[in-house]
Amino acid sequence: MADDGRHGLAGLAVSLFTVEGDALVVGGVPVSQLAETYDTPLFVYDAAGLRRGYRALVEAVLGLAEVFYSIKANPNPAIVRVFVEEGAGLEIASAAEYEVARGAGARSDRILFAGPGKRADELRHVVDHGIGEIHIESFGEIEHLAAIGCALSATIPVAIRINPSAAAQGGAMRMGGKPSPFGFDEEEIDSVLAAIAAQPRLDLRGIHLFAGTQILDAEVLASQWGYGLQLAGRVARRLGRPLATIDLGGGLGIPYFAGETALDLGRLRERVGDLIALVRDEPLIRDARIMIEPGRFLAGPAGIYVARVLAVKASRGTRFLVTDGGMHHHLAASGNLGQVIKRDYPIVAATGLSRPIQRATLVGPLCTPLDTLARQAELPDLRPGELVAILQSGAYGLTASPVGFLSHPTPAELIVDGGEASLIRRRGTFAAPIALP
Ligand SMILES: *Cc1c(COP(=O)(O)O)cnc(C)c1O
């Protein structure tokens, strides 16, 4: 399919997937064939695409940081396993994600546990079964963990999550300075260090920073990382000893909307060179293991959400395509997952791609105007029974959506690898209620 600028989004489909004749193809399998076999709606992930993204990022940060995958972006065990097999560590935010991590074959010391509200039973569970590091986010958590360490006679590896101070604003970089439920304010670090030092069961290994998500500018990302490394140096000097770990967080963006461009990994690579030099110059962080923990960047581009057109209709001059997929499976694509301005995710037809364009507004089956997936999208003249695919849907899709709303079935998930599709989540119902006698 020609990308003549008018069809910029279709161009994105070609760079991530392929188009053969009239049809969108993922990992060598036509989407129409997947829909035939597994019905719709569907999330489809391309294993080769997941690996490609991971390897490109590893290459870009080589010599500076190790890549951990943040499970909450897409917790399907088959996805997590692809990254573990590639050598990624994992970042988790619940005991259930810990089980997914271990089930995917991750070593316990390759797992980081963050989150503003960890339950005592979750903390005990991960300490008992082994954990790389727990990222402490409140004074209460210091007390809880110390008690768990005593009860289990365990020394617990911890890091402190820090919200950068307002001083971290500058140039292209915007981070910190605002109230946050996550971690400790940079201004109170001295008392945090004292509280942890008073607990012999806690082994303070390093710091963790994570200021923002969906960063598309390599300069902004690199300056945040640079700030994190300098902050690590300051913390180490206050401690009077080297840090073992520095976690620079996730937040690497992917392009969703018209006018956005992908994070420039070549540019990032150049800035990583400067950061490596910065680390070498600071004896107290020179030997630290530095980590990044992206989710969206690793899982997002390799996934699509496939829905079938149920009805085509017109209302006062607007052509509507009503599909069986919607915000109940893919809240982010409907613009209702924290987006300030509603803009459309990249969307393409998965069938009938060569037909003339006929603008259409794409809506899901839910009885609410919130369930809109695309406004006046340039799609071919699709008919009932044909398919659309929302791109960039591998992260914050299914598990970030209100699947119980209106009681439609939950979607199936597939992974395509080596030209074969495997079902990795069955179509189902939202946890069935319990009928009273
Ligand atoms: C959500 C989260 C991430 C991943 O964020 P992305 O924007 O998907 O890269 C990383 N670390 C922590 C602590 C998180 O909560």
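**View 1. Pro41 in a loop of the predicted model.** Pro41 sits in the loop between helix H2 (31–38) and strand S4. The model is predicted. The peptide bond that runs from Thr40 to Pro41 is cis. Its omega is near -5 degrees. Most peptide bonds are trans.

**View 2. Phe43 and Tyr305, an aromatic pair.** The structure has 8 aromatic pairs in total. In this one, the ring centres of Phe43 and Tyr305 are 4.7 Å apart. The planes meet at 35 degrees, so the pair is tilted. Phe43 belongs to strand S4 (residues 42–46), and Tyr305 to strand S14 (residues 303–315). The two residues are 262 residues apart, so the pair links distant parts of the chain. Phe43 is buried, at 0% relative accessibility. Tyr305 is buried too, with a relative accessible area of 1%. Tyr45 joins Phe43 and Tyr305 in one aromatic cluster.

**View 3. Tyr256 and Tyr345, a pair between two loops.** The ring centres of Tyr256 and Tyr345 lie 4.6 Å apart. With the planes at 35 degrees, this pair is tilted. Tyr256 is in the loop between strand S12 (245–247) and helix H10 (265–280). Tyr345 is in the loop between strand S15 (318–323) and strand S16 (347–349). In the chain they are 89 residues apart. Tyr256 has 5% relative accessibility and counts as buried. Tyr345 has 3% and is buried as well.

**View 4. Charged side chains over aromatic rings.** Lys118 lies over the face of Phe113. The distance to the ring centre is 5.8 Å. Arg234 places its charged end over the ring of Tyr227. Here the distance to the centre is 5.6 Å.

**View 5. The ligand and its shell.** The ligand is surrounded by 15 residues. The closest are Lys72, Thr213, Gly251, Glu293 and Tyr396. By type, the shell holds 4 nonpolar, 6 polar and 5 charged residues. Three side-chain contacts are shown here. An N or O atom in the side chain of Lys72 is 2.8 Å from an oxygen atom of the ligand. Thr213 has a polar side-chain atom 2.6 Å from a ligand oxygen atom. In the side chain of Glu293, an N or O atom is 2.8 Å from a nitrogen atom of the ligand. On its own, the ligand has 390 Å² of accessible area, and the protein covers 92% of this.

**View 6. Thr323 and the backbone of Gly325.** Thr323 is part of strand S15. At 0% relative accessibility, Thr323 is buried. A polar atom of the Thr323 side chain lies 2.7 Å from the backbone oxygen of Gly325.

**View 7. Gln214 and Leu406, two residues with positive phi.** Most residues other than glycine have a negative phi. Gln214 is not a glycine, yet its phi is positive, at about 60 degrees. Gln214 is in the loop between strand S11 (202–209) and helix H9 (218–239). Its relative accessible area is 22%, so Gln214 is partly exposed. Leu406 also has a positive phi, near 75 degrees. Leu406 is in the loop between strand S19 (387–390) and strand S20 (412–417). At 35% relative accessibility, Leu406 is partly exposed.

Technical notes
Residues are numbered from 1 along each chain as its sequence is written. This is a predicted model: local features need pLDDT of at least 70, side-chain atom pairs count only at pLDDT 80 or more; totals for chains, interfaces and linings use all residues. Side-chain values use heavy atoms; hydrogens and water are left out. Rings of Phe, Tyr and Trp (its six-membered ring) pair if their centres lie within 6.5 Å; planes under 30 degrees apart count as stacked, over 60 as edge-to-face and the rest as tilted. Helices (H or I, at least four residues) and strands (E, at least two) are DSSP runs, numbered from the N terminus. Buried means under 20% relative accessible area, exposed over 50%, partly exposed in between (1.4 Å probe, protein chains only). A charge sits over a ring if NZ of Lys or CZ of Arg is within 6 Å of the ring centre and within 35 degrees of the ring normal. A residue is near a molecule or strand if one of its heavy atoms lies within 4 Å of it. A polar contact is a pair of N or O atoms within 3.5 Å; within protein, one must be able to donate a hydrogen and the other to accept it, and residues adjacent in sequence count only if both atoms are side-chain atoms. Accessible areas come from the Shrake-Rupley method with a 1.4 Å probe; for residues, only the protein chains shown count as cover. Ala, Val, Leu, Ile, Met, Phe, Trp, Tyr, Cys and Pro count as nonpolar, Asp, Glu, Lys and Arg as charged, and the others, Gly among them, as polar.
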